[in-house]
Every structure is written in structure tokens, then in C-alpha cells.
Amino acid sequence: MDRTMRRQVVFFISIFSLGSVLGQVSYSIPEEMAKGSVVGNIARDLGLDVKRLKSGKARIFTGDSAEYIELSRERGVLLVKERIDRESLCRQTTPCALHLQIILENPMELYRITVEITDINDNSPSFKNDEKRFEISESAVTGSKFVLDRAVDADIGINGLKNYSLKPTDNFVVKIQSQADGNKKVEMVLHKPLDREKEEQISLLLTAVDGGEPQMSGTVKIYVTVLDANDNAPVFTQSVYKAAIAENSHKGTTLTTVSASDADKGTNGEVSYSVSTTVDSVSDTFTINENGEVILVGEVDFEKAKFYQIDIEAKDSGGLSDSSKIIVDVIDINDNKPVISILSKSDSIPENSPHNTVIGLFSVLDPDSSNNGQVNCRINGNIPFTITTSSNDFYSLVTDSDLDRERASEYNITVTCSDEGAPSLSSSVTLTLQISDVNDNAPVFERSSYEAYIVENNTPGLSIFTVKATDADWNQNARVSYILEESSVNGVPVSSYVSVSADSGVIHAVRSFDYEQIKDFHFRVKAQDGGSPPLSSNVTVKILIQDQNDNPPQVLYPVQTGGSVVAEMVPRSADVGYLVTKVVAVDVDSGQNAWLSYKLQKATDRALFEVGLQNGEIRTIRQVSDKDVVKQRLTVIVEDNGQPSRSATVIVNVAVADSFPEVLSEFTDFPHDKEYNDNLTFYLVLALAVVSFLFITCLVVIISVKIYRWRQSRILYHSNLPVIPYYPPRYSDTLGTGTLQHVYNYEVCRTTDSRKSDCKFGRAGSQNVLIMDPSSTGTMQRMQSEKSILDEPDSPLEQKPPNNDWRFTQGQRPGPSGATGGPEVAMGTGPWPQPPTEAEQLQALMAAANEVSEATATLGPGTMGLSTRYSPQFTLQHVPDYRQNVYIPGSTATLTSNPQQQQATAQQATQQALPPPQASAQPEPPKAAQTPASKKKSTKKEKK
């Protein structure tokens, strides 16, 4: 079944005292069930057997009503016999039911059956008419009501009519009122005023819907015609009309047509036009007809009036009106040409001028008006200029692309200005512009690279070839000079090979070339113009040396020796074609100059040997016999293929023998070439003489240096010079304000041979130090023992090995090697300066000697003063202590003083004085102070 069937069975069994009614059954089925649909199982519901229905001949009794239900005895069920329509069966009556009786025989029984027919939503709401029409005046007031027909729905209950809706709702809405009889009254209410001019016909749609599922509806169309009222005045389509007329127009010419519309209808919408201008010149010149056409009835002159203003009025039959105006422009006739006036111009500009460079200013004036006075200016041809507008009627002629004098050196610029009249009138002017040159083009060589050939052994100064470059610029900017760029060929400047003419570009050979040394070389030539700044370009030139046959062949084998004989052995059993040896030769030339050929020039027996023309192989041309001599001497000539050809000869000794002793006995009488031995002896003697001369010269120089040093040491040895302590710059400070935080005194006592002696240190607070007081003069005092030593210069101290206190760590040494340690560094001392040279030491000693000689007579006994500048107040109490660091001239070592060891060393020095130098051997010349480098050298010598 297509629809869902809800069935409700209510079974009642009642036992009545009236004997034949045994029971009652009720069923509920929806309407519109299909034929054959099962209403209910009557046999089961009544508690009867299907056989009883058959035997009792059960049947249904309906009375006068139509038979909608039938009984199936075989199945014991009730079936739908005809389609049931609740609306046609019961209309609006509820509930709607069918009352049946089932009658059985044998015995006779009667059962009552009630079938309730329920409603389904199978009917939609419907209106009596499909459309409804109203005529309503646009002057109707808001709230006016208009009654509408009700809709009818044959269904009942929830499936019946439920609601109404009206669309659109711009002007009307629907209103529903319930009445006492249960029906509903439907009204259409005006809630917004009508306007016929906006909407003369209004279409509405009224929809009625029920509450069934699915919901069904019915509609009716409502047409409202809005009736007109004279409530609108005429309205012009434009508030201002514009028209134009030529000054030569004829009378009766229509300028324009105006239009005014009235939204009303009929006579309320009829409009008439009139000219309302009070100025006589306008009313006498223009008129307007009933169609709104503005017609020329007079004459217009552009020179008298360039425009007119016409006031017009539109009025309807009800007296309502509207006004507008027409502005008439008088069109001028194009009878004047544009006038071009040149304000300023340039006769010449450089070719590197930037874009938008102004080359001329001009103005253009056209006395005509409108399009006749609108001027357009243009220039001729495809030239790099354009016209820009600077202000009204003023124009600028400017460049719009790059200029190139080499492409165009002069421009004739024609400026043409034309108006927009019909026909157009124009005028023109021509300007001549020169383009001046700038140096914007570098010289360009005719070729990207050059190759030239020159035969070796050429004459210096020979012209090889010419390079050529051109410059597209003009005058001085196009003047090209040629320059040879600096480079080297095999480590030799290229200028020693070739030269270039600056003006002509001719390349000359500076030297004679040798193909065997150099076969080709490259260099670069620069072409530079005369502009400012100059521009240049380069080109690579390759010179190829061509070979000449200037080298003879060189024989590599067999090797020719002057003192021995080399022979090739050929056994006597050798067959024809036996390879004796091969002559190998080369030619350093190239090409055909190096093609070698071999020929047999001389031979002891020409019938025995031959030489290969191309390979130089010496072979036998016949069988060797016992009659052939043992000693064979062959002279082979090697020639090249040059013009003229060069050659070399080689002698090949051949021994025809089977054993070596036989060969040795036969070749003892060969003449030897003594020339080689003589030359070797000469060179050996010459080399020996040169070596002997150099040795004697070196020996003399060494002896002279030794004697000179010894004499210098004797001069110092015999002089009564005191020991001058050397204070490095910035390290001796009597006030204690220098780089050292404490004041120290350094004293170095030197013997006559100071290069081999130890250094002697003074002690703080003793009499063997120099007393210095910055506030007074002082004297120099020394120990008596030291004085005795200094007074006897001929008794040098014995050299002692250095003690352990002389060995310092890296941090205790001044200078670069000792810059990272020691308390002195922490106290502010920097690296020691460079020690004085021997010449500076000698100067200091000589100055001290003069000082001593001058002070000898002035010092009293017990004092060692240098001069009277030092007062007696110069005592040991003022001596600064310099013992912490000792600087030795000529050395990079820094010595730290040890007072106890100093005292012991001083005593040993006084007690171990050596005998006078006269009794000893020749004293050694003084040695230079040892540096770390010299110490290393001496160590190496000792090891040797």
C-alpha cells in the first residue's frame, strides 16, 4: 500500500439476554484504502473458526448503504471492496463509521461490526474563484478594509483549513477575524498609501493552508487597479538643457527639444510649453512649440553673444506647472590659424644630454573657440624629441631618448600645430639643432685578435704588421694612440721583444728572434683616444716565429769521444741485411728543416755496408767473408731538408770479428784524437789556479782582521779607563719616578779582556757603588782592592765559568724573549732597549777617560771622583739600589744580583790576578759580547 494505514481494532464481546446477538467488533481504517486491503481478522477477533464461517455461510449485511466491506470466508478476514471517501460518505460529520452485521446459519448467529473511517489530508483548501479584482483610488486612506472570499477545505480536524497569507505586503496586509459560528472572516487592509504614478496595477496572492501532513494549500490572485487623482505637476526631464548653434545657422533651425511629463492620467496629464524669459533679445530670437521644440526665429552672432539662456515653462490643465532653462552656445566658425611664437631655443646640445633636456620653448594661440581653438602640436619624423605642455598654450620641446652624434649630428625639427576645427587649420615652424660630440665611444679594433708571422733571425727594428683601431667620435675624441701594455714573456718584459708606434699602430721587432728559444708569444695592445677622460680598448696580438734552417743536425748516437775508440762488432757469420748499428740524430729546427736523411760518405769497403736514407740504420749488403778486413771505418753524413741544407758527419768504427781479443789487437793502432785531452788539461789547470788565488786572498783578509782586532784590544788594554756603567734609556732614574718603582744602581766591572770575564756586582750599602745625589755633587768611591785591580791594567782577571745565578728563566730575560715573567715586569719595567754598539761603547769610554784625566788633580785621597761637580755630601746613604736587574751591553740577558755571591766573587777577583801580559803569551783580541745567536754559533764550533 502507498499510504500508511493505521488500524485500530476494538473487540467487544457482550452477552445479551436477547438470544441472537453474540458479539460486536469495531475497526478503524483510514479513507482511500486500496481495494482488497485487509480491514481485520474477523474470525480471530470473534473467536470463530474459519470452518464455521464456511459452514455457517457467513455473510455481511449492510442495509441500504453501499457495500464498501466484504468478507473472505476462506481467510476469515474483512477486505475493502470499494474505495472509501470519507468526505463523500460523511462530509463534515464526525466520527464517520460503517455499521455491518455478520450473519451465520446452522445455528443462526449475528455479530455487529463497526468500521470507523478516519480522515486523511487528501483535500487542499480551495477558493470559489481563481482571482479577485478591486479598483481603489490612489487617494484612499490608510486602514481601508476590503473583504475577501473564504477558502473551503473538505477535510476535518487537523487536516482542515488553518491559516491565510498575503504577498506582497508593500501596501496591503491580510486580517482574519473569527465569527460566532466558527468560521473565519478574511479582510485585506490598506496600510500604505497608494500612488498611481508609481504603480497603477498591483498583483497580490492570497494563500490558504491546512494543518495536515503533508501540508496542502490553495491560492487566489487579487488584482488592484489604482485610480488616478490630479496630484502631480508636470516635471521637465532636465533642469538645464544645453544646445549649440552655429553663428551662420538659418531661421527656423531647431536647436533642441525639451520634454516635461505629468504623472497623472487623462486631462490631468496634458502639458503645454511657453518661453518665460522677459529679455526681449531672447524672446525675439527663440520660440518653443507645443511639442517642446526650441526654434530659431532670429539671428545669432558669436562676436555679439557667445551663449544665450532661455527660461521655459510647462503647465497641465489643472494649473500645476514646472520651469527649466536652456543654455544655447553659439558655435564659432573656424576661420583662424594657430599662431606659433618661439620664446627660447638652443642651437646645440651635447650628445650625452639626459632625457627631458629642454631645447626650446614656444607658445601657441588660436583666436577661435571651442574645438576651433584647441591646438595639437607634433613634430616630424622619427626623431628623439617630443613636445610637452608646461602650462596653458605654452609648450616645451625636449629630448625623449638618447642622442648619438655618430648616428645623427644635426636635426631639423619641424613643429606643426593644428586646431580641431572642420576643416582643420594648421601652421608650422622649423628649428635646426646641432649635436656636439662627447667622448662616448672607445676605439674599436678591426679584428678581435691578431696573428702575425715573422721569420727568425730577423733584423731588429723590422716592421712586423700594423694594428688598426677606429673611433666613431669626432675631432680630438677620435684621435687614436696605440700603447703596448706591460706584460712579460718568459720572465722578460714584452717591450724588449716588440714596440708599437703610438700614431700608426705599426708593430716593430725590437730584437732578433730565435725559433728554437721561443716559438710564439702573446701581448696586448691598447688603443686610447684623445678624449677627456680617455677611453680605450685592448686587443690580443699573437706573434708566431717562423723557423729557418739555422741549426745543423746533431748526432746523438754513436757518441763521439776523443780519448777512446768505440767500435761495433759484426760477426763473420752475419747474413745480408744484418743490422750493425743505427745512427741517431736530431735537428732542433722544425718542419722540413728537421727532416733528416742519412748517406754513407766514406767507407773502408763500400760494397759491404749501406745506410738507410730515412732511419739511419747501417746494415750489411752482402755476406761477410773471411777476406774482409777486421777494421772498418764508415763516415756517415746527416743532412736536413732545409734551404740551404745543413749537415753533420759521424765516424762509425766497425770490427768484423768473432771474438773480442781479435778486435782489441787490431784497434790498438787507431790514431787518437788528442785535442779533447789537451782541452781538458787546460781547464783543470785554470780551475786550480783560480781556487788557489781565492784561498790565499781569504787567508790574507782573515789575518788582517785578526791583527786589527788585536790592536784595538791593546789600545783598550793599556788605557787607564774606569768602568763606565751603562744605563739603558728610561731605566736609570735617581728620583724613582721612571719605569722602575725602585731606584737601582748597576755597576759592571770589566777586566782588560772583558769578553771572557765575569761581571762583578756591587753590594747595597757598601763602598763599591757609585753614590749619586740629585741635590748635590758627589764623588765616586771604590774598594781599595778594586782600585788596585784597576790601577794595574796589565793584570787581567782570570776568566771564571758563569755561576748558576747567571742562568735565568724565560720570564727573567728582558726584551722579546723575557717579556712574560719576573717581578720586574709586574712592577712596570718594559722590554730592554737595544744595547749600544761597540762604537757607542768606545765613545763612552773615551769621554770617560777625558773626564778622569781632568779630575785626577782635583780629587783628594780616598776618593774616586770624576770631577768637582760632586760634593762631599755624596755619600753611600743616597745610593739607589740597582742590583735587582743588571743589563749587559751586547747581550739580551738580565742578571739578578746575589749579595753573598757578589762578595765572594769580588774577593776571588782580587786574589786571583793574573801575571802581567808581558810574561804571558800573546793576548787574544777582544771578543764581541755574546748574544743568543752568537752563543749558538760558538756551541756549534765547540762541537766541531
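# Exercises on a strand-rich predicted model

β14 and β15 pair in the antiparallel sense over nine bridges. The model is predicted. The exercises below start from this pair of strands.

## Exercise 1. The surroundings of β14

Task: Find how β14 is connected to β15, and which other strand is joined to β14 by six bridges.

Solution.
- Step 1. Take the link in the chain. A hairpin of six residues joins β14 to β15.
- Step 2. Check one register point. I202 has V224 in β15 as its bridge partner.
- Step 3. Look for the other strand. Strand β11 (residues 161-167) is joined to β14 by six bridges, and the two run antiparallel. Here S165 is the bridge partner of T207 in β14.
- Step 4. Inspect the loop between β14 (201-210) and β15 (217-227), where P214 is found. The peptide bond between E213 and P214 is cis, with omega about 5°.

## Exercise 2. Unusual backbone geometry

Task: Which peptide bond is cis with omega near -5°? Which residues have a positive phi of about 65° and of about 60°?

Solution.
- Step 1. Recall the background. Most residues other than glycine have a negative phi, and most peptide bonds are trans.
- Step 2. Go to the peptide bond from Q643 to P644. It is cis, with omega near -5°. P644 lies in the loop between β51 (631-640) and β52 (647-656).
- Step 3. Turn to phi. D393 is not a glycine, yet its phi is positive, about 65°. D393 belongs to the loop between β29 (385-391) and β30 (394-399).
- Step 4. N475 is not a glycine either, and its phi is about 60°. N475 sits in the loop between β36 (469-470) and β37 (480-484).
- Step 5. Classify both by accessibility. D393 has 40% relative accessibility, so it counts as partly exposed. N475 has 54%, so it counts as exposed.

## Exercise 3. An open sheet

Task: Give the strand order of the open sheet of four strands, and say which strands are at its edges.

Solution.
- Step 1. Write the order: β17-β24-β23-β20, with mixed pairing.
- Step 2. Find the strands that pair on one side only. These edge strands are β17 (240-246) and β20 (271-275).
- Step 3. Add the twist. From one strand to the next it averages 30°.
- Step 4. Examine one pair. β17 and strand β24 (residues 321-331) pair over seven bridges in the parallel sense. A243 stands opposite V328 in β24.

## Exercise 4. Y497 and F521

Task: Are the rings of Y497 and F521 stacked, edge-to-face or tilted? Where does each residue lie?

Solution.
- Step 1. Count the candidates. The whole structure holds 16 aromatic pairs.
- Step 2. Read the geometry. The ring centres of Y497 and F521 are 5.3 Å apart and the planes are at 40°, so the pair is tilted. The cut-offs are under 30 degrees for stacked and over 60 for edge-to-face.
- Step 3. Place the residues. Y497 is in the loop between β39 (492-493) and β40 (498-500), and F521 is in strand β42 (residues 520-529). They are 24 residues apart, and the pair links distant parts of the chain.
- Step 4. Check burial. Y497 has a relative accessible area of 6%, so it is buried. F521 has 2%, so it is buried too.
- Step 5. Look for charges over rings. The charged end of R511 sits over the ring of Y497, 4.3 Å from its centre. K519 lies over the face of Y515, 5.0 Å from the ring centre.
- Step 6. Note one aromatic cluster, formed by F445, Y450, F465 and Y482.

## Exercise 5. The core around F521

Task: How many residues make up the largest nonpolar core, and which have the most contacts inside it?

Solution.
- Step 1. Size: the core has 29 residues.
- Step 2. Those with the most contacts inside it are V498, I507, F521, F523, V525, V541 and I543.
- Step 3. Trace the elements. Those giving two or more residues include β34 (449-455), β35 (463-466), β41 (506-509) and β43 (536-546).
- Step 4. List contacts of F521, leaving aside neighbours within four places in sequence. Among them are V489, Y497, F513 and I545.
- Step 5. Find the other core. Apart from the largest core lies another of 28 residues, including A43, L71, L100 and L104.

## Exercise 6. The whole chain

Task: What share of the 944 residues counts as buried, and how many helices and strands are there?

Solution.
- Step 1. Buried residues make up 37% of the chain.
- Step 2. The secondary structure comes to twelve helices and 54 strands.
- Step 3. Take contacts between residues at least 6 apart in sequence. Of these, 67% join residues at least 24 apart.

Definitions and conventions:
Residues are numbered from 1 along each chain as its sequence is written. This is a predicted model: local features need pLDDT of at least 70, side-chain atom pairs count only at pLDDT 80 or more; totals for chains, interfaces and linings use all residues. Side-chain values use heavy atoms; hydrogens and water are left out. Rings of Phe, Tyr and Trp (its six-membered ring) pair if their centres lie within 6.5 Å; planes under 30 degrees apart count as stacked, over 60 as edge-to-face and the rest as tilted. Buried means under 20% relative accessible area, exposed over 50%, partly exposed in between (1.4 Å probe, protein chains only). A charge sits over a ring if NZ of Lys or CZ of Arg is within 6 Å of the ring centre and within 35 degrees of the ring normal. Two strands pair if DSSP finds at least two bridges between them. Axes are lines fitted to C-alpha atoms, for helices over the stretch in contact, and angles run from 0 to 180 degrees between N-to-C directions. A nonpolar core is a set of buried Ala, Val, Leu, Ile, Met, Phe, Trp, Tyr and Cys residues joined through side-chain atoms within 4.5 Å. Contact means heavy atoms within 4.5 Å.
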